[in-house]
Amino acid sequence: MLDCPNPPPVTVVLDPYDDVVHTRAALASHAPQHGRLTVHPTPGTDAAIALAYDVLAALGKPVPLAGYRPLDAGPAWLIAAAWILATPITHLTLLRAHLLTPHRFRDLLALRRRTGVRLILVCHHRAMRAFLERELRQVEHSIAEASALLPEAEPASLERQASRAGRPLANRWISLPALTTLKALDDATDPCQCAAPMAADQDFFPPVMPPATETEVAWRLHRATAHPHLAAQLATAAFTAASTTQLNTVHVRDLGADASTVTLHDHGLRRGCMTHSVPAWARPLLRASAFLWRLGEGTSGALFSDPLGSEGLPSLTTFAEHCKLRPPQPPRPKPRRGRRGRTSSVKEQEKTIWPVCAAHLRLSLAGAELDLMQGCPYPPPHTRKTIERRKKGWLPPDYGLRELRHLC
C-alpha cells in the first residue's frame, strides 16, 4: 500500500472576515497543470463522499462515480488519490475549511498521507472549531493570515484564454486508424511474464496521430471518466493498435517504472509479445491506473481492470463512442439527385461500425474477411517494408485483403 511517511505540514489560512478578495485569489490559483488544486466544497452537505466528489470535480473528472455503492466514499477517495499521484498536483487548497466535520477532516488527512500533497485549509471564520484545533495538534501544521498567502487575484492571463480557444477538434468525431484492429474474436490468453522486445525491433509501427489529435484525445480521456482503467485502456489502444485480447493481457508489472513503456502479450497470435513506447500524453492515464492498484493490497492485477470492483461500466467500444472516437468508417453514400436536379440530403451515419480486422494477425480468420470489415477501410501499413511501399505508391488502396497480401 502506498504511503507518504513524511507528508508536508498542513497550512491553516485564517480569513476571519470572509473577504471575497481572498476567495477569488484562492480560486484563481487553481491550475492543475501546474500542480495547484483549489476545491470549493458543495454547500449544504457534510457527507464525506460529497467532499471526495468535489476533489474529483476539481481534477476535471465527471461525478458522481458510477459502478459503486451510492454512499460508499472509499472508492472516490482512492480514485482521487490515484489521479493526484499520476498528475503533477503538489498543492491542494480547500475553501470553507471551518465547516469541516471530523470524518471529512480525517479523510483529507488520509489523502495527504497517501499522496504527499501539501494541504492548505482556508478558514473563513474568526476561530477554528474545537475539534479541528484538537486534530491539528496531532499533525505538523502552521497558521498564516489570508492577507499574507492570498493576495488579490490578477486578471485572467493570456495563457488561460489561449487554452480555452486551443481545441480545433472540439465536439467533432475523430477517426483513429489504430482502433480498426480493436475488436477481436479470439479469447484472452493466460498471463505472460516474458521480456518482450520493443515494437520497432519487431518491425511493428502503429499509426501515428497528429499533435492536434493527440491533444484532443488526451483532453477527452481525462474528462470523460473518473475511472483510470477505462481511460488508460482506450489510450493504450489508440497508440498501440492493439486488440481487446491483447489489452486484457496487460498487468501492472507490464508498465514501466516511469510509465514510458508498456508490454502487450498475445502468444504469437498476431506479431508476438511486444513492448510499446508510451507517448507523453498517455502516461498520466496509465500511471493513474497503476497507482489505483498500488493504493490497494497488491500490484499483480490486470492493469486495465478496476481493483475496487466496479460494476455496470460501459464496454470499451461504448466508452470510445462516448468520447467521439472511432475507427475510420465506410465511405458515405453519394447524395441522390431528385427529378428537378436537387440533391437530397444524406443523414449522418448514426451507428458506429466496429470492424474485425485481421491485418495484424499471423493466421487468417475463418470466414469471409470482407464481411467482417463491413466496408471500413483497412488500417495503414505497419512494417518498414509496407510503409515504404505505400509512400512510393506501390500498395493497392485496399491493402490488407487476403487475396492481395502476396503483393506486400
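Which element gives the most to the lining of the second largest pocket? The legends below take that up, starting with the pocket itself, and all the views come from a predicted model.

**View 1. The second largest pocket, with β8 in its lining.** The answer to the opening question is β8, which gives 3 residues to this lining. The space in the second largest pocket comes to about 260 Å³. Its lining counts 18 residues, and Pro206, Pro207, Val208, Phe239 and Ser277 sit closest to the pocket's centre. Two elements give two or more residues here: α9 (228-240) and β8 (274-277). Sorted by class, the lining has 14 nonpolar residues, 3 polar ones and 1 charged one.

**View 2. The largest cavity and the residues that line it.** If you go looking for cavities of 30 Å³ or more, the structure holds 1. The largest cavity has a volume of about 70 Å³. It is lined by 13 residues, with Phe204, Ala241, Gln246, Met274 and His360 closest to the centre. The lining of this cavity is a mix: 5 nonpolar, 5 polar and 3 charged residues.

**View 3. Helix α3 packed against helix α11.** A handy thing to know for this view and the next: two packed helices are described by the angle between their axes and by the distance between those axes. Here α3 (residues 74-86) and α11 (residues 283-294) pack at about 135°, and their axes are 8 Å apart. The two helices are therefore oblique to each other. Their crossing is right-handed. On the α3 side, look for Leu78, Ile79, Ala82, Trp83, Leu85 and Ala86; on the α11 side, the contact is made by Pro284, Leu285, Arg287, Ala288, Phe291 and Leu292. Count up the classes and you get 11 nonpolar residues, 1 charged residue and no polar ones.

**View 4. Helix α3 again, this time with helix α4.** Now follow α3 to its crossing with α4 (residues 102-115), where the axes come within 10 Å and the angle is roughly 35°. This crossing is right-handed. From α3, the contact takes in Trp77, Leu78, Ala80, Ala81, Ile84 and Leu85. Across from them, α4 brings Asp107, Leu108, Leu111, Arg114 and Thr115. The contact of α3 with α4 breaks down into 8 nonpolar, 1 polar and 2 charged residues. If Leu78 and Leu85 look familiar, that's fair: they belong to the α3 side of the contact with α11 and to the α3 side of the contact with α4.

Notes: Residues numbered from 1 in each chain as written. Predicted model: local features only at pLDDT ≥ 70, side-chain atom pairs only at ≥ 80, totals over all residues. Heavy atoms only, no water. Axes fitted to C-alpha atoms, helices over the stretch in contact; angles between N-to-C directions. Helix = DSSP H or I, 4+ residues; strand = E, 2+ residues; numbered from the N terminus. Parallel < 35°, antiparallel > 145°, perpendicular 65-115°, else oblique. Left-handed = near helix turned anticlockwise from the far one by under 90°. Contact = heavy atoms within 4.5 Å. Nonpolar A, V, L, I, M, F, W, Y, C, P; charged D, E, K, R; others polar. 1 Å grid on protein atoms, 1.4 Å probe; cavity = no way out; pocket = protein on both sides within 12 Å on 5 of 7 lines; lining within 4 Å. Points joined across faces, edges and corners; volume = space filled by probe spheres on them.
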